[in-house]
Amino acid sequence: MASLQDQLGKLVYSTEKGRLCPECGEELSACICDELADQARLKQLDGIVRIRRETAGRKGKGVTTISGVPLPEKEMKALLKRLKQRCGTGGALKADTLEIQGDHRDQIKALLESEGFKVKLAGG
Ligand SMILES: [Zn+2]
């Protein structure tokens with residue numbers, strides 16, 4: 001069964017077809033701007049994932065942030081899902097930084113290392 005959102009998505013898709021993206025020059029349906037932005041970001045990374053606890057301006061235990069993840073956005077979202085499951089808490093992807101609610105540095109470090117990332121605990 002197609003959800004309302006799917007139907008709306010198709011509608012947008014068909015009306016956009018044929019129009020070109022002003023940034024990359026591809027059809028909007030085949031726009032590669034997100035990929036280009038990902039590639040530019042990935043190029044600047046040093047391959048080390050940094051885990052940091054941030055409490056400033058936040059209630060309770062604050063959040064654990066994970067930056068420098070050398071993955072395209074799509075895979076960052078999948079990683080976020082795994083981290084939230086592992087820690088049993090909420091989280092979000094903000095720009096290129098993953099935020100996990102609460103202090104879960106050890107669990108996050110263990111999961112990332114088990115997936116082959118180089119991990120560094122940074123800051124307080
Ligand atoms: Zn584009």
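## Close-up views of the predicted model

**View 1. I32, in the stretch leading to helix 2.** I32 sits in the loop between helix 1 and helix 2 (helices are DSSP runs of H or I with at least four residues, strands are runs of E with at least two, and both are numbered from the N terminus). This is a predicted model, in which local features need pLDDT of at least 70 and side-chain atom pairs count only at pLDDT 80 or more, while totals for chains, interfaces and linings use all residues. Residues are numbered from 1 along each chain as its sequence is written, and side-chain values use heavy atoms, with hydrogens and water left out. With 28% relative accessibility, I32 counts as partly exposed (buried means under 20% relative accessible area, exposed over 50%, and partly exposed in between, using a 1.4 Å probe on protein chains only). Setting aside neighbours within four places in sequence, I32 is in contact with C24 and E26, contact meaning heavy atoms within 4.5 Å. From I32 to C21 there are 11 residues in sequence and 9.0 Å in space, C-alpha to C-alpha.

**View 2. The zinc ion and its four cysteines.** Four SG atoms, from C21, C24, C31 and C33, are the protein donors of the zinc ion, at 2.2 to 2.4 Å. Donors here are N, O and S atoms within 2.8 Å of the metal (3.2 Å for Na, K and Ca); water is not among the atoms, so sites may look incomplete. Along the chain, the donor residues are spaced C-x2-C-x6-C-x1-C. The arrangement counts as tetrahedral because the angles subtended by the four donor atoms run from 103 to 114°, and the label asks for four donors with all angles between 85 and 135 degrees. For reference, the ideal angle for four tetrahedral donors is 109.5 degrees. One of the donor residues, C31, counts as partly exposed at 30% relative accessibility.

**View 3. P22, out in the loop.** P22 is also in the loop between helix 1 (4–16) and helix 2. At 76% relative accessibility, P22 counts as exposed. Its C-alpha atom is 9.9 Å from that of C33, 11 residues away along the chain.

**View 4. The largest pocket and its charged lining.** The largest pocket has a volume of about 250 Å³. A pocket is an open set of points on a 1 Å grid over the protein atoms alone where a 1.4 Å probe fits, with protein on both sides within 12 Å along at least five of seven lines; lining residues have an atom within 4 Å of a point. Points are joined across faces, edges and corners, and the volume is the space filled by probe spheres set on them. The lining is made up of C31, D34, E35, D38, P72, E73, K74 and K77, so C31 turns up both here and among the zinc donors. Helix 2 (33–44) and helix 3 (73–87) each give at least two lining residues. By class, the lining holds six charged, two nonpolar and no polar residues (Ala, Val, Leu, Ile, Met, Phe, Trp, Tyr, Cys and Pro count as nonpolar, Asp, Glu, Lys and Arg as charged, and the others, Gly among them, as polar).

**View 5. Strand contacts around R52 and T65.** R52 belongs to strand 1 (residues 48–54), and T65 to strand 2 (residues 63–67). R52 counts as partly exposed at 34%, while T65 counts as buried at 5%. Leaving out neighbours within four places in sequence, R52 touches V63, T64, T65, A122 and G123. The C-alpha atoms of R52 and V63 are 8.4 Å apart, with their positions 11 residues apart in the numbering. By the same rule, T65 is in contact with R50, I51, R52, E54, T97, L98 and E99.

**View 6. L98, buried in strand 4.** L98 is part of strand 4 (residues 97–101) and is buried, with a relative accessible area of 0%. Beyond four places in sequence, its contacts are T64, T65, I66, V69, M76, L79, L80, L83, A92 and L93. L98 and V69 are 29 residues apart along the chain, with 8.6 Å between their C-alpha atoms.

**View 7. A95, with a positive phi.** A95 sits in the loop between strand 3 (91–94) and strand 4. Its phi is near 55°, a positive value in a residue other than glycine. Most residues other than glycine have a negative phi. A95 is exposed, with a relative accessible area of 74%.

How values were computed. Four donors count as tetrahedral if all angles lie between 85 and 135 degrees; four count as square planar and six as octahedral if opposite donors are over 155 degrees apart and all others between 65 and 115; anything else is irregular.
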